[in-house]
Amino acid sequence: MMPHKKVNGFQLFHDEIGEGSPILFHHGYTSSHDTWLNKIAPQLSDTFRCIVMDSRGAGDSEHTIDGYTIEQYVEDVIGLADSLGLEKFTFLGHSMGGGIGMQLAINHPERLEKLILVAPIPSGGTTPPAELTAVAKAMKERQRQLRNDPDRRDKMIQERQKMQIRETSIQDIENSVDRALSISEGHFEQSIETMEQFNVTNQLGNIVTPTLMISGAADVLAKANMEDLQRLPNATIHVFSRVGHSPHNDVPEEFAKVVNDFLEHGVVNPETMQNRALESLAE
(Lines give C-alpha, C1' and ligand atoms only; values in the text may rest on other atoms or scores of the structure.)
Protein backbone atom coordinates (compact mmCIF):
# COMPACT_ATOMS: atom_id res chain seq x y z
CA MET A 1 0.00 0.00 0.00
CA MET A 2 1.37 3.41 -0.93
CA PRO A 3 2.07 5.71 2.06
CA HIS A 4 -0.53 8.45 2.34
CA LYS A 5 -1.56 10.81 5.11
CA LYS A 6 -4.77 12.77 5.46
CA VAL A 7 -3.56 16.37 5.31
CA ASN A 8 -5.85 19.39 5.10
CA GLY A 9 -8.74 17.22 3.94
CA PHE A 10 -7.02 15.20 1.21
CA GLN A 11 -4.83 12.12 0.84
CA LEU A 12 -1.24 13.30 0.41
CA PHE A 13 1.39 10.86 -0.83
CA HIS A 14 4.78 10.79 0.83
CA ASP A 15 7.68 8.40 1.18
CA GLU A 16 11.03 8.50 2.91
CA ILE A 17 14.42 6.85 3.17
CA GLY A 18 17.37 7.37 5.50
CA GLU A 19 17.84 8.65 9.02
CA GLY A 20 19.11 11.91 10.46
CA SER A 21 18.12 15.54 10.10
CA PRO A 22 14.98 15.76 7.92
CA ILE A 23 14.91 17.15 4.39
CA LEU A 24 11.47 17.60 2.82
CA PHE A 25 11.61 17.52 -0.99
CA HIS A 26 8.96 19.21 -3.16
CA HIS A 27 8.69 18.74 -6.94
CA GLY A 28 7.96 21.23 -9.71
CA TYR A 29 4.73 22.01 -11.55
CA THR A 30 4.08 18.83 -13.58
CA SER A 31 6.52 16.55 -11.78
CA SER A 32 6.24 14.22 -8.79
CA HIS A 33 8.21 12.67 -5.93
CA ASP A 34 9.95 10.39 -8.46
CA THR A 35 12.28 13.23 -9.42
CA TRP A 36 13.84 13.02 -5.93
CA LEU A 37 13.30 9.45 -4.80
CA ASN A 38 14.93 7.74 -7.76
CA LYS A 39 18.32 9.50 -7.91
CA ILE A 40 18.80 12.24 -5.31
CA ALA A 41 17.44 10.93 -2.00
CA PRO A 42 19.46 7.67 -2.14
CA GLN A 43 22.68 9.70 -2.34
CA LEU A 44 21.77 11.67 0.79
CA SER A 45 20.05 8.98 2.84
CA ASP A 46 23.22 7.87 4.68
CA THR A 47 23.20 11.18 6.53
CA PHE A 48 19.71 12.60 6.23
CA ARG A 49 16.07 11.57 6.58
CA CYS A 50 14.85 12.25 3.06
CA ILE A 51 11.10 12.81 2.83
CA VAL A 52 9.50 13.18 -0.60
CA MET A 53 5.92 14.26 -1.28
CA ASP A 54 3.42 14.85 -4.06
CA SER A 55 1.34 18.01 -4.03
CA ARG A 56 -2.41 17.79 -4.32
CA GLY A 57 -3.42 16.88 -7.87
CA ALA A 58 0.03 15.52 -8.79
CA GLY A 59 1.90 12.23 -8.61
CA ASP A 60 0.14 9.78 -6.31
CA SER A 61 -1.70 12.35 -4.18
CA GLU A 62 -5.45 12.86 -4.35
CA HIS A 63 -6.91 14.99 -7.15
CA THR A 64 -8.77 17.65 -5.22
CA ILE A 65 -11.32 20.07 -6.61
CA ASP A 66 -9.47 23.15 -5.39
CA GLY A 67 -6.58 24.36 -3.26
CA TYR A 68 -4.08 24.85 -6.09
CA THR A 69 -2.39 27.99 -4.79
CA ILE A 70 1.11 28.68 -3.49
CA GLU A 71 -0.37 29.57 -0.10
CA GLN A 72 -2.28 26.27 0.15
CA TYR A 73 0.71 24.26 -1.03
CA VAL A 74 2.67 25.84 1.83
CA GLU A 75 0.01 24.80 4.33
CA ASP A 76 0.04 21.28 2.87
CA VAL A 77 3.80 21.12 3.51
CA ILE A 78 3.26 22.26 7.09
CA GLY A 79 0.42 19.75 7.47
CA LEU A 80 2.67 16.91 6.35
CA ALA A 81 5.49 18.09 8.63
CA ASP A 82 3.08 18.22 11.56
CA SER A 83 1.77 14.73 10.83
CA LEU A 84 5.35 13.41 10.77
CA GLY A 85 6.27 15.18 13.99
CA LEU A 86 8.82 17.48 12.35
CA GLU A 87 9.35 20.56 14.49
CA LYS A 88 12.03 21.87 12.13
CA PHE A 89 13.28 20.66 8.76
CA THR A 90 15.19 21.63 5.65
CA PHE A 91 12.95 22.32 2.66
CA LEU A 92 14.15 21.67 -0.88
CA GLY A 93 11.87 22.72 -3.73
CA HIS A 94 12.24 22.78 -7.50
CA SER A 95 10.69 25.39 -9.82
CA MET A 96 7.15 25.88 -8.48
CA GLY A 97 8.40 24.06 -5.41
CA GLY A 98 11.01 26.81 -5.08
CA GLY A 99 8.24 29.40 -5.00
CA ILE A 100 6.56 27.33 -2.30
CA GLY A 101 9.87 27.40 -0.43
CA MET A 102 10.06 31.20 -0.58
CA GLN A 103 6.51 31.53 0.74
CA LEU A 104 7.18 28.89 3.38
CA ALA A 105 10.19 30.82 4.66
CA ILE A 106 8.09 33.99 4.81
CA ASN A 107 5.03 32.44 6.48
CA HIS A 108 6.71 29.85 8.74
CA PRO A 109 10.37 30.78 9.28
CA GLU A 110 10.41 29.10 12.68
CA ARG A 111 9.91 25.69 11.05
CA LEU A 112 12.95 25.84 8.76
CA GLU A 113 16.54 24.82 9.43
CA LYS A 114 17.70 25.59 5.91
CA LEU A 115 16.14 26.34 2.53
CA ILE A 116 17.23 25.05 -0.88
CA LEU A 117 15.68 26.65 -3.97
CA VAL A 118 16.30 24.72 -7.19
CA ALA A 119 15.68 26.81 -10.33
CA PRO A 120 12.81 28.51 -8.50
CA ILE A 121 10.09 30.49 -10.19
CA PRO A 122 10.87 34.23 -9.97
CA SER A 123 9.74 35.98 -6.81
CA GLY A 124 7.69 38.38 -8.94
CA GLY A 125 5.77 35.65 -10.79
CA THR A 126 6.45 33.78 -14.01
CA THR A 127 5.26 36.33 -16.54
CA PRO A 128 5.91 39.93 -15.35
CA PRO A 129 9.61 40.08 -16.38
CA ALA A 130 9.60 41.28 -19.99
CA GLU A 131 12.13 38.73 -21.18
CA LEU A 132 10.01 35.87 -19.81
CA THR A 133 6.57 36.98 -20.95
CA ALA A 134 6.72 35.67 -24.53
CA VAL A 135 8.36 32.42 -23.50
CA ALA A 136 5.91 31.81 -20.66
CA LYS A 137 2.88 32.48 -22.85
CA ALA A 138 4.18 30.24 -25.62
CA MET A 139 4.96 27.41 -23.21
CA LYS A 140 1.58 27.75 -21.53
CA GLU A 141 -0.27 27.57 -24.83
CA ARG A 142 1.88 24.67 -26.03
CA GLN A 143 1.19 22.71 -22.85
CA ARG A 144 -2.53 23.25 -23.28
CA GLN A 145 -2.42 22.16 -26.92
CA LEU A 146 -0.50 19.01 -26.09
CA ARG A 147 -2.81 18.12 -23.22
CA ASN A 148 -5.72 17.99 -25.67
CA ASP A 149 -3.80 16.26 -28.46
CA PRO A 150 -4.57 12.52 -28.96
CA ASP A 151 -0.88 11.95 -29.79
CA ARG A 152 0.26 14.03 -26.82
CA ARG A 153 2.44 11.37 -25.19
CA ASP A 154 4.56 10.69 -28.27
CA LYS A 155 4.85 14.38 -29.10
CA MET A 156 5.88 15.31 -25.56
CA ILE A 157 8.50 12.58 -25.50
CA GLN A 158 9.92 13.78 -28.80
CA GLU A 159 9.99 17.40 -27.65
CA ARG A 160 11.70 16.55 -24.38
CA GLN A 161 14.29 14.47 -26.18
CA LYS A 162 15.15 17.47 -28.37
CA MET A 163 15.47 19.73 -25.34
CA GLN A 164 17.90 17.50 -23.42
CA ILE A 165 21.26 19.12 -22.71
CA ARG A 166 22.80 16.14 -20.94
CA GLU A 167 22.32 12.48 -21.78
CA THR A 168 19.04 11.19 -20.36
CA SER A 169 17.55 7.72 -20.68
CA ILE A 170 14.39 7.31 -22.72
CA GLN A 171 12.83 5.61 -19.72
CA ASP A 172 13.35 8.70 -17.56
CA ILE A 173 11.83 10.90 -20.26
CA GLU A 174 8.82 8.62 -20.67
CA ASN A 175 8.26 8.49 -16.91
CA SER A 176 8.39 12.29 -16.61
CA VAL A 177 5.92 12.67 -19.49
CA ASP A 178 3.53 10.17 -17.94
CA ARG A 179 3.65 12.04 -14.64
CA ALA A 180 3.03 15.35 -16.40
CA LEU A 181 0.01 13.93 -18.20
CA SER A 182 -1.42 12.50 -14.99
CA ILE A 183 -1.88 15.76 -13.08
CA SER A 184 -5.43 16.88 -12.40
CA GLU A 185 -7.15 19.56 -14.45
CA GLY A 186 -7.27 21.76 -11.39
CA HIS A 187 -3.54 21.41 -10.86
CA PHE A 188 -2.81 21.98 -14.55
CA GLU A 189 -4.81 25.20 -14.88
CA GLN A 190 -4.76 26.74 -11.43
CA SER A 191 -1.10 26.12 -10.63
CA ILE A 192 -0.13 28.13 -13.72
CA GLU A 193 -2.36 30.95 -12.51
CA THR A 194 -0.90 30.95 -9.00
CA MET A 195 2.65 31.04 -10.40
CA GLU A 196 1.74 33.98 -12.64
CA GLN A 197 0.26 35.87 -9.70
CA PHE A 198 3.08 34.99 -7.29
CA ASN A 199 4.76 38.10 -5.91
CA VAL A 200 6.97 38.06 -2.82
CA THR A 201 9.83 40.19 -4.18
CA ASN A 202 9.45 42.83 -1.48
CA GLN A 203 9.46 40.17 1.24
CA LEU A 204 12.62 38.30 0.25
CA GLY A 205 14.69 40.61 2.43
CA ASN A 206 12.88 39.18 5.46
CA ILE A 207 14.05 35.62 4.80
CA VAL A 208 16.94 35.03 7.20
CA THR A 209 16.85 31.23 6.87
CA PRO A 210 20.20 30.00 5.49
CA THR A 211 19.42 29.56 1.80
CA LEU A 212 21.08 27.85 -1.14
CA MET A 213 19.91 28.60 -4.66
CA ILE A 214 20.82 26.08 -7.35
CA SER A 215 20.49 27.16 -10.97
CA GLY A 216 21.31 25.94 -14.45
CA ALA A 217 23.26 28.34 -16.65
CA ALA A 218 21.11 27.33 -19.65
CA ASP A 219 17.82 27.84 -17.82
CA VAL A 220 15.61 30.73 -18.98
CA LEU A 221 15.07 31.54 -15.29
CA ALA A 222 18.79 31.87 -14.50
CA LYS A 223 18.84 35.67 -14.71
CA ALA A 224 15.76 35.99 -12.49
CA ASN A 225 17.33 33.57 -10.00
CA MET A 226 20.45 35.75 -9.78
CA GLU A 227 18.31 38.84 -9.21
CA ASP A 228 16.39 37.11 -6.42
CA LEU A 229 19.65 35.94 -4.86
CA GLN A 230 20.65 39.58 -4.39
CA ARG A 231 17.46 40.18 -2.42
CA LEU A 232 18.09 37.32 0.02
CA PRO A 233 20.16 38.46 3.03
CA ASN A 234 21.53 35.04 4.01
CA ALA A 235 22.04 33.09 0.80
CA THR A 236 24.53 31.64 -1.63
CA ILE A 237 24.24 30.12 -5.09
CA HIS A 238 25.62 27.27 -7.18
CA VAL A 239 25.26 27.53 -10.96
CA PHE A 240 25.83 24.43 -13.10
CA SER A 241 27.26 24.97 -16.57
CA ARG A 242 25.58 23.25 -19.53
CA VAL A 243 22.55 22.50 -17.39
CA GLY A 244 18.94 23.57 -17.88
CA HIS A 245 15.88 23.91 -15.67
CA SER A 246 16.34 20.59 -13.84
CA PRO A 247 19.88 20.35 -12.43
CA HIS A 248 18.93 17.33 -10.31
CA ASN A 249 18.06 15.43 -13.50
CA ASP A 250 20.93 16.71 -15.64
CA VAL A 251 23.74 16.18 -13.11
CA PRO A 252 22.32 14.14 -10.19
CA GLU A 253 25.65 13.11 -8.62
CA GLU A 254 27.04 16.64 -8.67
CA PHE A 255 23.71 18.02 -7.46
CA ALA A 256 23.68 15.73 -4.42
CA LYS A 257 27.25 16.74 -3.54
CA VAL A 258 26.32 20.44 -3.64
CA VAL A 259 23.29 19.85 -1.40
CA ASN A 260 25.33 17.80 1.05
CA ASP A 261 28.07 20.44 1.15
CA PHE A 262 25.56 23.21 1.90
CA LEU A 263 23.85 21.20 4.62
CA GLU A 264 27.22 20.58 6.25
CA HIS A 265 28.77 24.03 5.90
CA GLY A 266 25.81 26.40 5.51
CA VAL A 267 26.02 29.71 3.69
CA VAL A 268 29.51 30.67 2.53
CA ASN A 269 29.52 33.95 0.62
CA PRO A 270 31.48 37.24 0.60
CA GLU A 271 29.67 38.47 3.71
CA THR A 272 30.38 35.34 5.76
CA MET A 273 34.02 35.36 4.66
CA GLN A 274 34.34 39.03 5.62
CA ASN A 275 32.90 38.23 9.05
CA ARG A 276 35.49 35.48 9.46
CA ALA A 277 38.22 37.91 8.60
CA LEU A 278 36.96 40.45 11.13
CA GLU A 279 36.71 37.77 13.83
CA SER A 280 40.28 36.70 13.06
CA LEU A 281 41.56 40.27 13.35
CA ALA A 282 39.79 40.70 16.68
CA GLU A 283 41.51 37.68 18.22
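## A tour from the sheet to helix α4

Begin in this predicted model by selecting residues 89–94, strand β5, together with residues 112–118, strand β6, which pair in the parallel sense over five bridges. Within this pair, pick out Leu92, whose bridge partner in β6 is Ile116.

Next, select helix α3, residues 70–83, which packs on the sheet and touches β1, β2 (10–17), β3 (21–26), β4 (48–53) and β5, its direction making about 120° with that of β1. Then move to helix α11, residues 252–265, which also packs on the sheet, where it touches β3, β4, β5, β6, β7 (211–216) and β8, and its direction makes about 150° with that of β6.

Now bring up the whole sheet, which is open, has eight strands in the order β1-β2-β4-β3-β5-β6-β7-β8, and shows mixed pairing. At its edges stand β1 (4–7) and β8 (235–240), and because each has a single partner strand, one side of each is left without a neighbour in the sheet. Direction ignored, neighbouring strands of this sheet are turned by 25° against each other on average.

Finally, select helix α4, residues 96–107, whose 12 residues reach 16 Å from the first C-alpha to the last, close to the 16 Å expected at 1.5 Å a residue. Of the 12 residues of α4, 10 are buried, so this helix is largely enclosed by the rest of the structure; among the buried ones are Met96, Ile100, Met102, Gln103 and Leu104. To see what covers the buried residues of α4, display elements including β3, α3, β5, β6, α8 (185–197) and α9 (222–231).

Terms used: Residues are numbered from 1 along each chain as its sequence is written. This is a predicted model: local features need pLDDT of at least 70, side-chain atom pairs count only at pLDDT 80 or more; totals for chains, interfaces and linings use all residues. Side-chain values use heavy atoms; hydrogens and water are left out. Two strands pair if DSSP finds at least two bridges between them. Helices (H or I, at least four residues) and strands (E, at least two) are DSSP runs, numbered from the N terminus. Axes are lines fitted to C-alpha atoms, for helices over the stretch in contact, and angles run from 0 to 180 degrees between N-to-C directions. Contact means heavy atoms within 4.5 Å. The expected span of a helix is 1.5 Å times one less than its number of residues. Buried means under 20% relative accessible area, exposed over 50%, partly exposed in between (1.4 Å probe, protein chains only).
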